[in-house]
Amino acid sequence: MAGDTTSRQQQPGMSGWRLVGFIALFLLFTGAGTWTIYTQFAGRNFHFDDRLLNPWFLVAAVVLLLVYYAADGLRLHYTLRALGHCLPFRHIFRLVFINIFFSNVTPMATGGGVAQIWYLRRHGVRLGTATAATTIRTVLAIAFIFTVTPACLLWLDALQGMAILDRIAGLLALFIVLYLGFFAVVLLRTRWLILILTRLFSTLRRFHLISARRHKRWQFHMMREMTRFSRSFSIYVHGPRRFVLLSVLFTFVFLVSLFSFPALIMVTLGYEVDYLTTLGLLFVTTFVMYFAPTPGASGISEGVFGTFFRGLLTPGHLVLVTLAWRFLTIYLGMIIGLILMQVELSSGRRRTRTGSRPSVTGTRDDPT
């Protein structure tokens, strides 16, 4: 689950110093990953190509960015609509950038879900709906990525013969099965998971690893959140068909637009691009990033990208394409998200001083 934030509605669950620390780690790992590409894969070659300043490329990049950001916002919008809540678009698209920022400065994107729920709660979405919407949105993307990745590993020519993939292919397959299996149980057989966790907590209590008070509290919160999410997912599945289908469609558009940036950059630099190959490589890259322990998969994402694309790019362009890809898809959104986050916190402080509170509008009965 994305987390319980009832006690943290005034802040996204992170102190200023912790946030600064995570940003510093992000920059450190990003630098390390880029340096690894430069020294190990690019042979210490780097060449800035002014074709990336070509007006045609800049216009195309802006258009693709608009599609990418719009699809990201619309997939959440229609997920919320399927759950019976309508949030103004200005809040939806602010959340797009706030989520990009937080999900990339917290390990394994854990802060992204918490920040989304915090923001939705501030703007009138109830906890059960906010938790379900952010989690369902993530599950939809995971379903696409984890379904396509095995096909890419098996049939994509650019990945054949890579020693690292040969060594970890079995482990990747196991991760895919476990990940999809976990979400299948959470979504379809919630009681099974409740039973497993209940027995786990009882075992921890029996061996005096947790106190009776903590056992009771964990048990209560686990059952409450599992039940809430299960009911919310049922509402989503049985919600208006057009909203469910549109949430799936815009998830697909979001992923395809996100994975199209390297192809656009490579075409601009004069490469003959196999579009399906670049899409497949980005699916696998993103799959690996889901298991990266660094903030926003920083360092690891650059290293994996460099490993996969070094056979398609000249050494002088490898670092350039990697940085351009990360700037367009991550760094730019993070900068916008940081600015919007400061604006949101400032407006929250003003509302606190004036005593006003956000209203709940456009909602049907909450599943909680």
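The following questions and answers go through salt bridges, core residues and contacts in a predicted model.

Residues are numbered from 1 along each chain as its sequence is written, and side-chain values use heavy atoms, with hydrogens and water left out. Local features need pLDDT of at least 70 and side-chain atom pairs count only at pLDDT 80 or more, while totals for chains, interfaces and linings use all residues.

Reader: How many salt bridges does the count come to?
Author: A salt bridge here is a side-chain nitrogen of Lys or Arg within 4 Å of a carboxyl oxygen of Asp or Glu. By this rule, the count is 4.

Reader: Which residues are joined into one network by salt bridges that share partners?
Author: Arg75 and Asp72 form a salt bridge at 2.8 Å, N to O. These two are about one helical turn apart, because they lie 3 residues from each other in helix H2 (helices, H or I of at least four residues, are DSSP runs numbered from the N terminus). Asp72 also meets Arg137 of helix H5 (residues 127-155), 65 residues apart, with an N to O distance of 3.5 Å. Through shared partners, the network is made of Asp72, Arg75 and Arg137.

Reader: Is Glu302 buried or exposed?
Author: Buried means under 20% relative accessible area, exposed over 50%, and partly exposed in between, with a 1.4 Å probe and protein chains only. Glu302 has a salt bridge to Arg326, with the closest N and O atoms 3.0 Å apart. The relative accessible area of Glu302 is 0%, so the residue is buried.

Reader: Which helix gives the most residues to the largest nonpolar core?
Author: A nonpolar core is a set of buried Ala, Val, Leu, Ile, Met, Phe, Trp, Tyr and Cys residues joined through side-chain atoms within 4.5 Å. The largest has 97 residues, and Tyr68, Leu80, Tyr236, Ile265 and Phe309 touch the most other members. With 13 residues, the helix that gives the most to this core is H2.

Reader: Which residues does Tyr78 contact, leaving aside neighbours within four places in sequence?
Author: Tyr78 lies in helix H2 (residues 55-82) and is buried, because its relative accessible area is 17%. Contact means heavy atoms within 4.5 Å. With sequence neighbours within four places left aside, the partners of Tyr78 are Phe243, Leu246, Ser247 and Phe250.

Reader: Where is Thr277 found?
Author: Thr277 counts as buried, because its relative accessibility is 14%. Beyond four places in sequence, its contacts are Leu156, Ala158 and Leu312. The element that holds Thr277, spanning residues 275-289, is helix H11.
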